[in-house]
Amino acid sequence: MYRWCTDEVDPQERFDYRREVRAKGLFGVTAELERERRADFFGEFSLRQLGGGGLVELKASHYTVERSTSDIAYTPGDSICVYQQLGSGGWFGGMRGPDFAIANGSFATSHTDLPYRTAPLSAGGFHLRILKIPVSHIPAQDRRIRELTPKTFNDHALAPLLAACFADLGEAAAGDDGAADATSLVQASLVQALAHLALIERGIVRPGSRLGQAALRTARLSQARRLIARHLQNPDLAPSMVADLLGVSVRHLHMLFEAAEKSFSQTVTNERLKRSRRLLREAPERLIADIATSCGFESLATYYRVFNAAYGMAPGDFRARVPEGH
């Protein structure tokens, strides 16, 4: 992962460096800010290459951005971008399509090689994630992909699916469990799902097509896992509850997990054990019975039995082996 922050540059040179080296050279855009405000400029970003795409997270104080025809000629991208707005909101304009605003938590898509202008909606500045996916890495080849002017997602049913995939993609990129090949496959699956969800929303991929169904399965599985994590404390957490929240049948929910590494019940148990292990490490003063309850185990006896079966020791023995400060 590559990270950069304006703290690495002299205050008087921060915006000029961002403008010429990072904005122009790396992202192929023109950044503008009044000269009297440049000394107070702050910006940072991270860039991770994963699953055939590039995931950028960007935070910056207020300035304006333009990708002009000359910028595009200088640094062509031939990629689609999926934007997740994390800050107070942004404005897009100066394009072939109508101007629009994108609110916090919302999503937008575009092709990189079409002109646009953008700026934050408030003095708080920019905060967003951008997933850039080369068109050559997208199985759904269609000339309309290169005609995607910036546009917000209007299908609200897709928003939670997109959010779940973005969150899982970030976690998969940050994880390092030694299973590099498996992690790479997960990343590639999530990138493809996000690309095809974007193309479903723009009417290029049909939801019922092979590519559309694969994207929806991946995204629904991501959302199902996050719903499990959100309701883990509930001892009555069951497939019917998650299926209802997800808007699918219980049979469909089980089919999603059948294609995954673990079943629904195995996923719930695994997540409860992982959370309890973290609490055993981070809260040494907390009663084990309290930890068991907070993780959704129906009884202390059940927690001890499941923990011992998974790790070959009791929770108290695991806690005793944790070095101080870990």
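When I say contact today, I mean heavy atoms within 4.5 Å. Helices are DSSP runs of H or I with at least four residues, strands are DSSP runs of E with at least two, and both are numbered from the N terminus.

Okay, so what you're looking at is a predicted model, where local features need pLDDT of at least 70, side-chain atom pairs count only at pLDDT 80 or more, and totals for chains, interfaces and linings use all residues. Residues are numbered from 1 along each chain as its sequence is written, and side-chain values use heavy atoms, with hydrogens and water left out.

Let's start with two helices. In α3, P160, L161, A164, C165, A167, D168 and E171 meet L216, A219, R220, S222, Q223 and R226 of α5. That contact divides into 7 nonpolar, 2 polar and 4 charged residues (nonpolar is Ala, Val, Leu, Ile, Met, Phe, Trp, Tyr, Cys and Pro; charged is Asp, Glu, Lys and Arg; the others, Gly among them, are polar).

Now the sheets. Strands pair here if DSSP finds at least two bridges between them. One open sheet has 5 strands in the order β2-β5-β10-β7-β8, with antiparallel pairing. β2 (30–32) and β8 (100–102) are its edges with a single partner strand each, so one side of each has no neighbour in the sheet.

Which residues make up strand β10, and how enclosed is it? It covers residues 116–120, and 4 of the 5 are buried, so the rest of the structure largely encloses it. Buried means under 20% relative accessible area, with exposed over 50% and partly exposed in between, using a 1.4 Å probe and protein chains only.

On one side, β5 (residues 64–67) runs antiparallel to β10 and is joined to it by 3 bridges; E66 has R117 as its bridge partner there. β7 (residues 90–93) is also antiparallel to β10, with 4 bridges. Along that pairing W91 stands opposite A119, and F92 has T118 as its partner.

The other open sheet has 7 strands, ordered β1-β3-β4-β11-β6-β9-β12, again with antiparallel pairing. Here the edges are β1 (2–5) and β12 (151–152), each with a single partner strand, so one side of each is left without a neighbour in the sheet. Within it, 7 bridges join β4 (residues 53–60) to β11 (residues 126–134), and V56 stands opposite I130. Our helix α3 comes back here: it packs on this sheet, touching β3, β4, β6 (79–85), β9 (107–111) and β11.

How values were computed. Axes are lines fitted to C-alpha atoms, for helices over the stretch in contact, and angles run from 0 to 180 degrees between N-to-C directions.
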